[in-house]
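Got the viewer open? Keep the selection panel handy, and we'll go from stop to stop.

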Amino acid sequence: MTDTIKILHVVGARPNFMKIAPVMAAVRRWNEQGTAMLDGLFDHVPPGYSPFVRPPFPSRIQRIRLEQLLVHTGQHYDREMSQTFFGELGISEPDVNLGVGSGSHGIQTARILEAFEPVLLEERPDLVVVVGDVNSTMACTLAAAKLHIPVAHVEAGLRSLDRAMPEEVNRLVTDALARLLLVSENSGLTHLLSEGIHPGRMYYAGNVMIDTLLSRLPRADRDLPHTLGLPPGHYATMTLHRPSNVDDREHFDEILRGVENVASRIPVLFPAHPRTQSRIAEYGYDGRFIRWQQGNPASQPGIYLMPPLPYLELLALNRDAQMILTDSGGLQEEATVLGIPCLTIRENTERPSTIETGTNTLVGPHADRITDIAQSIIDGKYKKGVAPLFWDGRAAERIVAYIIEWWTSFNRHEFPCN
Ligand code: UD1
């Protein structure tokens, strides 16, 4: 007899799309290849990780099939923040779009809860898979938990230890309620254990964002920097959208003063999030940027302001950049794997492995620090990095293996109370 696990995946905002794409692809691969997909997946596990690396028993899993559905909450809705990624990353059209749109945190969360519950009641999935730390992640976890539907959280255990960040609240709530905590880096295990969470809920998977990066890298246009007229290896890319950086005018001004110092030496490409574009208009900062026009070279020093870029274009630019300036979580990880120096414009990071072993440095919203660290990169005095365990392109396959392990385990119906 075949046993089918019905999985409902949730996406809502831009960084979710790169994370769900490899998980959905790994589900398809399992259905096609079965246990052959597991070959080499769990080799070379360092001793400290072995309690959290629990492959399924091959004898129990032969006949497991996976069915999957995709729900898009509609938290991000602009073409350039959402649809464009579906085509590029090979994600199927969502089966359901909740169309919640923008709103305050309370309104957005409430709308998702209200719209997602009937989908759960109608579809009755065996498992809901959520990724990352956005409002959609938390709201859908809460709706499922209230209906006693198990949740798997991809990228569990990350903590900035800063509860003023909306994402930190989302992470705490999601990890408290999810049954399967799928961890991407060592600090995730440490945080979950220190919060008293039962180790039986924790699995070390590695980083799905890197699965996407490694699988898409060959398709990223090698000639794009040249097409834009960029001096090879002598330009920077920048993203900035955190409320603490752009909604606070003083911080934004201070950051820009630092970046202006960098941009007096090399071109800085700045694909700006809608929130950031709004603040630039509101603060009258337009004059601090060169408005990038399609077809015009970005060869001179300066900050080139442009709309958000498709995934493959940003990847093509990041690959050959001299440095990346960012307040995004995912870019810190991508920079480490690409081996590009990364200046994180925040006081903390929930991804400390990118600093400990990777190419990342925290510079805060401080003009002097941005200037000094960028200078050390330009002078060739910056550190080199290595990627953490299982940032190897196969994290999503491990996640599918862990879902099957959980499904076939004797205590599947038990939810450890912590
Ligand atoms: C959200 C996530 C954040 C993630 C970021 C990546 C939360 C709490 N935050 O932040 O973790 O790093 O996405 O992009 O979930 N807007 C548009 N078009 C869109 C989407 C948003 O114009 O397609 C505008 C909204 O009207 C709003 C602002 O951008 O004014 C912020 O959108 P919102 O989804 O609230 O949060 P983000 O800042 O994008």
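Start by colouring four helices: H1 (14-33), H4 (105-123), H6 (166-177) and H12 (274-283) each supply at least two residues of the shell around the ligand. Bear in mind as you click that this is a predicted model. Which helix gives the most to that shell? Pick H6, which contributes three residues.

Next, select the shell itself. There are 22 residues surrounding the ligand, and the closest are His-76, Ser-102, Asn-135, Glu-167 and His-273. Colour the shell by class and you should get seven nonpolar, nine polar and six charged residues.

Now switch on side chains and look at the oxygen atoms of the ligand. Three stops here:

- His-76: a side-chain N or O atom is 2.7 Å from a ligand oxygen. You've already met His-76 among the closest residues of the shell.
- Gln-75: a ligand oxygen lies 2.8 Å from an N or O atom of this side chain.
- Arg-275: here the distance from a side-chain N or O atom to an oxygen of the ligand is 3.1 Å.

How much of the ligand does the protein cover? Taken on its own, the ligand has 750 Å² of accessible area, and the protein covers 84% of that. If you display pockets, go to the largest one, where the ligand sits.

Time to hide the ligand and show strands. Select E3, E2, E1, E4, E5, E6 and E7 in that order: you're walking across an open sheet of seven strands with parallel pairing. Strand E3 (96-97) and strand E7 (202-204) are at the edges with a single partner strand each, so each has one side without a neighbour in the sheet. Zoom in on E1 (residues 3-11) and E2 (residues 64-72), which run parallel and are joined by nine bridges. For one point to label, try Ile-5, whose bridge partner in E2 is Leu-66.

One more sheet to go. Select E10, E11, E9, E8, E12, E13 and E14, again in order, for an open sheet of seven strands with parallel pairing. The edges are strand E10 (290-291) and strand E14 (360-362); each has a single partner strand, so one side of each lacks a neighbour in the sheet. Stay at E10 and add strand E11 (residues 302-306): the two pair in the parallel sense over two bridges. Last click: Ile-290, which has Tyr-304 as its bridge partner in E11.

Definitions and conventions. Residues are numbered from 1 along each chain as its sequence is written. This is a predicted model: local features need pLDDT of at least 70, side-chain atom pairs count only at pLDDT 80 or more; totals for chains, interfaces and linings use all residues. Side-chain values use heavy atoms; hydrogens and water are left out. A residue is near a molecule or strand if one of its heavy atoms lies within 4 Å of it. A polar contact is a pair of N or O atoms within 3.5 Å; within protein, one must be able to donate a hydrogen and the other to accept it, and residues adjacent in sequence count only if both atoms are side-chain atoms. Accessible areas come from the Shrake-Rupley method with a 1.4 Å probe; for residues, only the protein chains shown count as cover. On a 1 Å grid over the protein atoms alone, a cavity is a set of points where a 1.4 Å probe fits but cannot get out, and a pocket is an open set with protein on both sides within 12 Å along at least five of seven lines; lining residues have an atom within 4 Å of a point. A molecule sits in a cavity or pocket if more than half of its atoms lie within 2 Å of its grid points. Ala, Val, Leu, Ile, Met, Phe, Trp, Tyr, Cys and Pro count as nonpolar, Asp, Glu, Lys and Arg as charged, and the others, Gly among them, as polar. Two strands pair if DSSP finds at least two bridges between them.
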